[in-house]
Amino acid sequence: MRHFILNKTRLLYGKLPFFIAFFLIAYLLSGCTLLTPKTEALKQVHNTYRQEFIKLLVPSPSTGIKDVAADASFAGTLAEIRTFKSKYGEDMPEAHHLDVLEAMIYLQTNQFGMASLMKDKVAKASEKLQSRTGEYTRDQLFAQSFVHLLSGWVEIQKAKENGTPDAQTLKTSADGIKKILGGPDPKKYSEADDGAIYLATTAAIFYTWVFDIEGGDKASLYKAGSDLIGRFLSESEREVAKVETKKINPIGIERNPRLRYIQWYNYLINKAK
């Protein structure tokens, strides 16, 4: 490979000023990849979403509220998505990632009508977000789980409006997420950041709603939730989860949102007994 690069740059040498040729050779031999402005902009959108996403706190199981909506606006991410699309357009592979992020933000901020309008775009995106490594990416998992998230969250919204959520819809939604996350090797989800455990916790919350609405086998429903969350906790995090829920410092949760997932894991394994 190095010989190939040198041969190519020798051809350019006579056509380029010496200092340009010198830096071109050094750059190519370094193995660096040149990022286009468009790629850099897309990377920035993802970084902003990740920063805003990790601040998202699913509610504490001890509150009894058992909501799944975010106390966040994702204003920074939405602004960067609009800027990217206005500058580079929407008919490109990179836009599929942004469609998924935009749809998830609508879900995570209770804008279910807007989220529903994004369903077709997300469905198309889910087919085109496969990682080159064969592992699942966060956006891919969100896209595949989107219809289940939407249907489950819409049911929970009914309870806020003094209605009665449909237990079967919630169970179907939870089972759908569980199936997506239930591959034989949890390591295949390593590129998903905290997306996989967020989805697992959401499914677990759906299962608790199913029991609250219609009763049934509490141990089985809660175990389904705890097993799913546990797949994406490290061994040390599962050890932390053995501490009583009330001993997990709320301030610590704000600084490290993963503690909230640990808190839910702890709650489910204890309440399932």
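Begin by selecting Ser 60, which in this predicted model sits in the loop that runs between α3 (37-53) and α4 (75-88). With a relative accessible area of 10%, Ser 60 is buried, and if you set aside its neighbours within four places in sequence, the residues in contact with it are Arg 260, Gln 263 and Trp 264. Add Tyr 261 to the selection and draw a distance between the C-alpha atoms: Ser 60 and Tyr 261 are 201 residues apart along the chain, yet these two atoms are separated by 9.1 Å.

Move next to Arg 258, which belongs to helix α14 (residues 258-271). Arg 258 has a relative accessible area of 18% and is therefore counted as buried, since the cut-off is under 20%. Its side chain reaches the backbone oxygen of Phe 232 at 3.0 Å, and, residues up to four places away in sequence not being counted, Arg 258 touches Asp 194, Ile 197, Phe 232, Leu 233 and Glu 237.

The aromatic residues are the next stop, where the count comes to six pairs. Select Tyr 49 and Phe 74, whose ring centres are 5.5 Å apart and whose planes stand at 20 degrees, so the pair is stacked. This pair links distant parts of the chain, with Tyr 49 in helix α3 and Phe 74 in the loop between α3 and α4, 25 residues apart; both residues are buried. Now turn to Phe 84 and Tyr 88, where the centres lie 4.9 Å apart and the planes are at 45 degrees, so the pair is tilted. Phe 84 and Tyr 88 are separated by about one helical turn, because they are four residues apart in helix α4. Phe 84 counts as buried at 3% relative accessibility, whereas Tyr 88, with a relative accessible area of 24%, is partly exposed. To finish with the rings, select Phe 211, Tyr 222, Trp 264 and Tyr 267, which ring pairs link into a cluster; Trp 264 is also one of the residues in contact with Ser 60.

For the interior, display the largest nonpolar core, which has 67 residues, and highlight Met 104, Leu 107, Leu 181, Tyr 198 and Ile 229, the members that touch the most other members. Helix α10 (residues 195-214) gives the most to this core, contributing 12 residues.

A backbone detail can be inspected at Asn 110, in the loop between α5 (93-108) and α6 (112-117). Its phi is near 65 degrees, a positive value in a residue other than glycine, and Asn 110 is partly exposed, with a relative accessible area of 33%.

Now zoom out to the whole chain, which has 14 helices and zero strands. Of its 273 residues, 44% count as buried, and the chain exposes about 14700 Å², of which carbon and sulfur atoms supply 55%. Among contacts with a separation of 6 or more, 72% are accounted for by residues 24 or more positions apart.

Finally, colour the chain by pLDDT, whose mean is 78, with 72% of the residues reaching 70 or more. Confidence is highest in helix α9 (residues 167-181), at a mean of 96, and lowest in helix α1 (residues 2-13), at 43. Two segments call for care: pLDDT stays under 50 over residues 1-16, for which the model has 13 contacts beyond four places in sequence, and also over residues 18-34, for which it has 16 such contacts.

Technical notes
Residues are numbered from 1 along each chain as its sequence is written. This is a predicted model: local features need pLDDT of at least 70, side-chain atom pairs count only at pLDDT 80 or more; totals for chains, interfaces and linings use all residues. Side-chain values use heavy atoms; hydrogens and water are left out. Helices (H or I, at least four residues) and strands (E, at least two) are DSSP runs, numbered from the N terminus. Buried means under 20% relative accessible area, exposed over 50%, partly exposed in between (1.4 Å probe, protein chains only). A polar contact is a pair of N or O atoms within 3.5 Å; within protein, one must be able to donate a hydrogen and the other to accept it, and residues adjacent in sequence count only if both atoms are side-chain atoms. Contact means heavy atoms within 4.5 Å. pLDDT is the predictor's confidence in each residue, from 0 to 100. A nonpolar core is a set of buried Ala, Val, Leu, Ile, Met, Phe, Trp, Tyr and Cys residues joined through side-chain atoms within 4.5 Å. Accessible areas come from the Shrake-Rupley method with a 1.4 Å probe; for residues, only the protein chains shown count as cover. Rings of Phe, Tyr and Trp (its six-membered ring) pair if their centres lie within 6.5 Å; planes under 30 degrees apart count as stacked, over 60 as edge-to-face and the rest as tilted.
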